[in-house]
Structure formats: structure tokens, C-alpha cells
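Here are some exercises to work through with the model open. Try each one yourself before you read the solution.

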Amino acid sequence: MKKSTANMRAIINCDKTFNRFNDAFVKFLFSTEKHKNFLIDLLNAVFAERRPPCVSGQVLDVTFADREMPPFHDAAKYSRLDIRALTDSGQMINIEVQSGFDKYLKDRNLFYFSKLFSEQLTAGMDYSQLKPVVIINLLAVNYFPTRKDYISSYSLHEDKDHELMTDKVNFIFIEAQKCQQMGDKNKSRLTRWMTYLTYPSSEVVYQLAQIDKIIAQVMEAETMFCSTPQEVHLYEAQEKLRLDMLTRERTAKAEGKAEGFAEGRTEGKAEGFAEGRTETLLEIISNLKNLGCTREQMKAITKLNDEQLAQLL
């Protein structure tokens, strides 16, 4: 039964700050038996766009793994979440959800593949019994800035004639933000998912829910998530970790830039700043103000005295 327009609008989350790449929300949405159909739909949407050599036909069911992979590096736990599942046809799927830029992403993909592939092997097992492993990366940021396509797929091929070495490894990267630049005529099931996750506007999500029953069900699940105190607490805790990490990264960058500009600068009055540095210092100080730094902290980071700082504030 189709929901009324009023009821459908009532379940649309109008909070534009809501982060649908938040670890707690993604885990709620894609890694529970209750919402298994969401993950199945997402996987089939991915494979409809870029089908790995090991995948044929539709994914009909998934079985969730009961353990998580270890963090690849200290900061990884703040910016990524992995969902592990086994399809009904035997493919092992590891979904990486990345809310920020991680320079170790490709290395982590290789590391996780090696663990998932090698851990299948047991005593007396033949190598031919090893199941294919597909790593899918859902990225909230543009990881390949020079690539126009929003989805990239990598397998093992011979360098010259591109003959496939094996169908048991595949890496897929999906850059959600690039989907926003696509026209309506290019929308697919996968781009609908990415449009939902990037939250362009409540009106756009409403239009998607009107024509897509899965998105409508997802919006109902999101409403339930946002009305459950325990889930909201987990969401807020994850957001605090993420924002704290961003703040520390920006502060570190600002400190590095300020120290670099301070080295070799003319001592004394503000008029003595080397040509071209004042504008950069203004940007650094503006960032420090946004981070809530005090004047003393700004002086310590920029190596400016009271008079010089006063001229730039």
C-alpha cells in the first residue's frame, strides 16, 4: 500500500547536518538481520554498475560475519567502518565506509583482502576452494579527484594484454559526492543510494522516497534510528570522535603552516612580514579563531607578538 504524501513527508529527516556516513548509522542500516534487504539491494546496485568477474546473477541473501577487522592504523577507527558478509553464491564481501580522506585506503584494501583470503584456508583444504573476496569502498569524499566517473573497479590483469589472472579479488571504489553532479537521466539504483547517503536536501530525498520503495523503507528506518536514545547516543559519540579528529588535523596543519612562515620572517613590526605572507597568516588566524583558540594560543602557534596579531585580527 502506497503511503500518503503527508505520511511520507513526515518521515523525511530535515536535519541537513545529519551524517549518513556516520559509523553508528551505517552499522544500523546495513549490518543487521532486520535490515538485510537494504544491504542486498545496495550490493545488487553496485554489481549492476560494475560487476566483478566472480559475481554472476543477483545477490539473493547475505550472512553477516560476527567479528570486525582490526584498525589498519591509529586514526582508522575514527573514520571508517567495515561490514563483512558472505553472499548466497559464496563471495566474501567487505564493505568499507569512509567518511574522511585516508591516505592508507588502498594499502588497507590490500591488507584486508590478504586476511580475508588467507584465513579461509584450513588443514586439508584445496586452494581451489578459496572463495572470491570483493572489497567495496563507499566514500563520502572524492578520493580520485582526476577521475570523472564516480565508480572505479580494479582486478588483477596482465600488464600488456590485460588477461585476467584470477577472478578471486576485486576492489571497487564509489565516490558518493560525484553522483550529485549527474543529471536525472543518468540516475541508477546505485546513484539513488549515493544521493540518499550524501543528503543533498530533504526535498530530493522525498522525491526519491516517492518513486523508490527501498528508499522509502530506509527513511522509515532512519526515523526509528533518530527516535531511539541509545542509537542517537552512539551516533553523537561517533560524530564527536570524527569532529575531534578533524579539529586536531586542522590545528596540526595550521601549526605547521604558521611555523613554516614564521621561519625566516622579518622580526619586529607587522610591516616587516615577507611579501605574500600576510594573506596566508590571515587565513591561518581565521582558522584558529574558528577552532576556538585564544589570543595566547594564536601567538604561540604563529610566533607573532601582540602588535602584529592585533593588526591581523
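**Exercise 1.** Find where aspartate 161 is placed, and decide whether aspartate 161 is buried or exposed.

*Solution.* Start with the secondary structure: aspartate 161 sits in the loop that runs between strand 5 (151-157) and strand 6 (164-175). Helices (H or I, at least four residues) and strands (E, at least two) are DSSP runs, numbered from the N terminus. A word on ground rules: this is a predicted model, where local features need pLDDT of at least 70 and side-chain atom pairs count only at pLDDT 80 or more, while totals for chains, interfaces and linings use all residues. Residues are numbered from 1 along each chain as its sequence is written, and side-chain values use heavy atoms, with hydrogens and water left out.

Next, the cover: aspartate 161 has a relative accessible area of 51%, so it is exposed. (Buried means under 20% relative accessible area, exposed over 50%, partly exposed in between, with a 1.4 Å probe and protein chains only.)

Finally, look at the company it keeps: Glu158, Asp159, Asp161 and Glu163 form a negative surface patch. Patch residues have over 30% relative accessible area and no salt bridge, with like charges joined within 9 Å and nonpolar side chains (Val, Leu, Ile, Met, Phe, Trp, Tyr) within 5 Å.

**Exercise 2.** Which parts of the chain does the salt bridge between aspartate 61 and lysine 36 tie together?

*Solution.* First the contact: N to O, the side chains of lysine 36 and aspartate 61 meet at 3.1 Å in a salt bridge. (That term means a side-chain nitrogen of Lys or Arg within 4 Å of a carboxyl oxygen of Asp or Glu.) Then the places: lysine 36 belongs to helix 3 (36-49) and aspartate 61 to the loop between helix 3 and strand 1 (62-64), so the pair links parts 25 residues apart in sequence. As for cover, lysine 36 is buried at 17%, and aspartate 61 is partly exposed at 33%.

**Exercise 3.** How many residues apart in sequence are the parts tied together by arginine 50 and aspartate 149?

*Solution.* Check the bridge: the closest N and O atoms of arginine 50 and aspartate 149 are 2.8 Å apart. Now place the partners: arginine 50 is in the loop between helix 3 and strand 1, and aspartate 149 is in the loop between strand 4 (133-139) and strand 5, so the parts they tie together are 99 residues apart in sequence. Arginine 50 is partly exposed at 26%, and aspartate 149 is partly exposed at 32%.

Proline 52 also lies in the loop between helix 3 and strand 1. With a relative accessible area of 2%, proline 52 is buried. Its C-alpha atom is 8.0 Å from that of serine 155, 103 residues apart along the chain.

**Exercise 4.** How many salt bridges does a search of the whole structure find, and which residues do shared partners join into one network?

*Solution.* The search finds 11 salt bridges. One of them pairs glutamate 175 with lysine 178, closest N and O atoms 2.9 Å apart, and both residues are buried. Through shared partners, Asp41, Arg189, Arg192 and Asp212 become one network.

**Exercise 5.** How many residues of helix 6 are buried?

*Solution.* Helix 6 (residues 189-198) is mostly covered, with eight of its 10 residues buried. Among them are Leu190, Trp193, Met194 and Leu197. Just after helix 6 comes tyrosine 199, with a positive phi near 50°.

Conventions:
Accessible areas come from the Shrake-Rupley method with a 1.4 Å probe; for residues, only the protein chains shown count as cover. Lys and Arg count as positive and Asp and Glu as negative; His and the chain ends are not counted. The place of a charge is taken as NZ of Lys, CZ of Arg, CG of Asp or CD of Glu.
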